[in-house]
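Take a look at the model below. This report walks through its strands, its helices and one chosen residue.

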Amino acid sequence: MEKAKILIVDDDPDLRRALNLRLRASHFETAYATDGFSAISMAQKERPDLIILDVGLPAGDGFVVLERLQQNAALSVIPVIVLTARDPQATRDKIMRAGAIAYFQKPADNNELMSTIRTVLSPAWPGTVAAS
Amino acid sequence: MSKQDNHVLLIEDNPGDADLIRLRLVEGKPNLDVACANRLSDGLESLAQQPPAVVLLDLNLPDSRGAETFRRVLNKAPGVPVVVLSGQDDEDLALKAVHQGVQDYLVKGSFDSKQLARAMRYAVERQGLLTSLDMSRKQQLQFKDQFLSHVSHELRTPLTSIHQFVSLLLDGLSGPLSGEQREHLQTILRSANQLRSMINDLLDASRAESGKTRIEPRCIVLGEVVRTAVAMMQASAREKRIGLEMGLDNRIPLVYADPERVLQVLLNLIHNAIKFTPVEGSVMVKVCRVEADPEFAYISVTDTGRGISPEARPLIFERMYQDPAAVDDSRKGLGLGLYIARELVHLHGGRIWVESQVGHGTILTFTMPLFSLPKLLTPIIIHQGKLREAISLVVVELAPHGTPGMGNWFEIRKRCLEMLQQCILPDKDVVLPSLGSAGPGETYLIVACADESGTTVLMQRIREQLERYRELQGVASFSISAKAVPLPWPQADTPAVKLVEETADRITEMCMAAMARKSMFDTTTVLAENQNPTQKEQ
């Protein structure tokens, strides 16, 4: 079976590195983008199975990225998990409305994050995932 | 000088007094524009239409007397300075008015035009000062909120880094660890988690203080929340070899509360209990009902810790309170947990209190309102003491086609609920809070005060709204059905409460049947296939 590919969009190099190590250890393939603009071009080039997206990004924040993804028929089917330091009370509803499937506040519980990723990538995935 | 600065509103019913005061006003300032009202209702209307620079207010009017009069005026125009005109014998009342926000008072018959002009000028000045003070207080609060939100966001970034790399090491993803290394890393992780919860508490406390905490109550099974909380705290209990157990009364009905907030309160209380209980003690979480207080569920957390002194008991819910007698180990944290817990409990309409015996332990108890369909339905079922003529239950079901893409499902369910809220008449119909749904779809229940034709109109409105909702197409299909609620026969001697209860019971039964997808609505009554959606009970 082919490895699932996950695109990590975050401007913090430490987070990208840590997440990359963890995802690869769990046998996922990874790709990066460091800003909103390259997030779209990477999504187009790599066609990931899942995107992990930060909200506060240079060159187009998480909302802009979600909007662009939605506008493109091929990209709109890619599930997006948002991983951000922002306060969920202020951001969570808006970002879910913009089309994300789960919201994690940094620092997130890795077990929960990984189990959400597995659920979303499983063929039987039905819709939104409950997450903190 | 703007027009408003010249405009004075005089509310006075005695024509003689009114003429005299008007004369005094114009003596002092000939270009003054004085509007007169001889009833409070006229005065309030004028106040809304053209806000004056000052209101001169007699307290005893044909349609309002005494304290009621100035309260209504202050309420209508909180920023407009008011000078009360009192009689010789009611100076006490006038003084009370000043304490409650009126700027000044004058005793009728004992002031000249100069005194009147000065009272008015000072009233305007003081009101201006108050307004600007209030504004700067609001700005400061807002600044504090923004500052805290910014700081907490910035703190999270390096904290995330610590958290991520320590967990990488602990999970063995960077090679094997010795026992001692593992122990040290666990200490770092624990401290990082503690920092994280402090940041959360700081934000929560600041929000509670500025009244911005939001709760979203739903019908929830309390036992499930308690089980989750106990499972989440089990690890830290085990570390101290503390037995953490729960005692659930299974007959507790649904409560009407925000599950995440109840969990937050419970985690807080259990965390405290574990913190203040010595090694090998025990912590017990109990849920029960109390006969004397039938509308609430009681949730208590009992520990075998050293207890709280009688002097400290009233203080523990205050912000930043730390027990001065606490040993070093227990003094970690900001002292915000119980403050936040109390605010959250109060927002639900519940209570929280402490009982303790020094040396033996502490019981913290809070209450959450039980979900009561009769309470929710009373204004729908009974109107002006009479049972409504017809009530129907409208069921809207969403069925997703296969797997909804891109997780729009969350958004769709929420949007649909908002649309339904817009379709109903708020004083006659109610969309019931979600009772959860079995399976992938969503079922909304609306209790409508409508007869057959009214129900058809409502269903049509819902249908149009949902059809117009473009995102729904291709993701889910919907069906709308309705059934008349059989009403009890109103007899002269049946008390209204009984009628409400009976009707609420029937509605509950019908809702349960609808949720369980039993055949209450056989397919022929579904609007999509049938022109006559409401079926009258024979």
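Start with a pair of strands. In this predicted model, strand β1 (residues 5-9) of chain A pairs with strand β3 (residues 50-53) of chain A. The pairing is parallel and runs over four bridges. One of the residues involved is Leu7(A), whose bridge partner in β3(A) is Ile51(A). In general, strands of a sheet pair through backbone hydrogen bonds, either parallel or antiparallel.

Now widen the view. The β1-β3 pair belongs to an open sheet of five strands in chain A, ordered β2-β1-β3-β4-β5, with parallel pairing. β2 and β5 of chain A stand at the edges. Each has a single partner strand, so one side of each is left without a neighbour in the sheet. From one strand to the next, the twist averages 20°.

What pattern does chain A follow along the sequence? It reads β-α-β-α-β-α-β-α-β-α. That goes with five helices and five strands in chain A. The table lists some of these elements.

| Element | Residues | Citation |
|---|---|---|
| Strand β2 of chain A | 29-33 | at an edge of the sheet |
| Strand β5 of chain A | 102-105 | at an edge of the sheet |
| Helix α2 of chain A | 36-46 | axis within 9 Å of the α3(A) axis |
| Helix α3 of chain A | 62-71 | axis within 9 Å of the α2(A) axis |

Next, the helices. The axes of α2 and α3 of chain A cross at roughly 30°. That makes α2(A) roughly parallel to α3(A). The crossing of α2(A) past α3(A) is right-handed. On the α2(A) side, the contact uses Gly36(A), Ala39(A), Ile40(A) and Ala43(A). They meet Val64(A), Val65(A), Arg68(A) and Leu69(A) in α3(A). By class, this contact has six nonpolar, one polar and one charged residues. Another helix, α4 (residues 88-97) of chain A, lies across β4 (80-84) and β5 of chain A. α4(A) runs at about 155° to β5(A).

Finally, zoom in on Ala33(A), which sits in strand β2 of chain A. Is Ala33(A) buried or exposed? Ala33(A) is buried, because 25 other C-beta atoms lie within 10 Å, and the cut-off for buried is 20 or more. Beyond its neighbours within four places in sequence, Ala33(A) is in contact with Leu7(A), Val9(A), Ser38(A), Ala39(A) and Met42(A). Two of these names appeared earlier: Leu7(A) in the bridge to Ile51(A), and Ala39(A) in the contact with α3(A).

Across chain A, buried residues make up 42% of the 132 residues.

Notes. Residues are numbered from 1 along each chain as its sequence is written. Chains are lettered from A and ligands numbered from 1 in the order in which they are written. This is a predicted model: local features need pLDDT of at least 70, side-chain atom pairs count only at pLDDT 80 or more; totals for chains, interfaces and linings use all residues. Axes are lines fitted to C-alpha atoms, for helices over the stretch in contact, and angles run from 0 to 180 degrees between N-to-C directions. Helices (H or I, at least four residues) and strands (E, at least two) are DSSP runs, numbered from the N terminus. Angles under 35 degrees count as roughly parallel, over 145 as roughly antiparallel, 65 to 115 as roughly perpendicular and the rest as oblique. A crossing is left-handed if the near helix is turned anticlockwise from the far one by less than a right angle, and right-handed if clockwise. Two residues are in contact if their C-beta atoms, placed from the backbone, lie within 7 Å. Ala, Val, Leu, Ile, Met, Phe, Trp, Tyr, Cys and Pro count as nonpolar, Asp, Glu, Lys and Arg as charged, and the others, Gly among them, as polar. Two strands pair if DSSP finds at least two bridges between them. A residue is buried if 20 or more other C-beta atoms lie within 10 Å of its own, exposed if 12 or fewer, and partly exposed in between; C-beta atoms are placed from the backbone.
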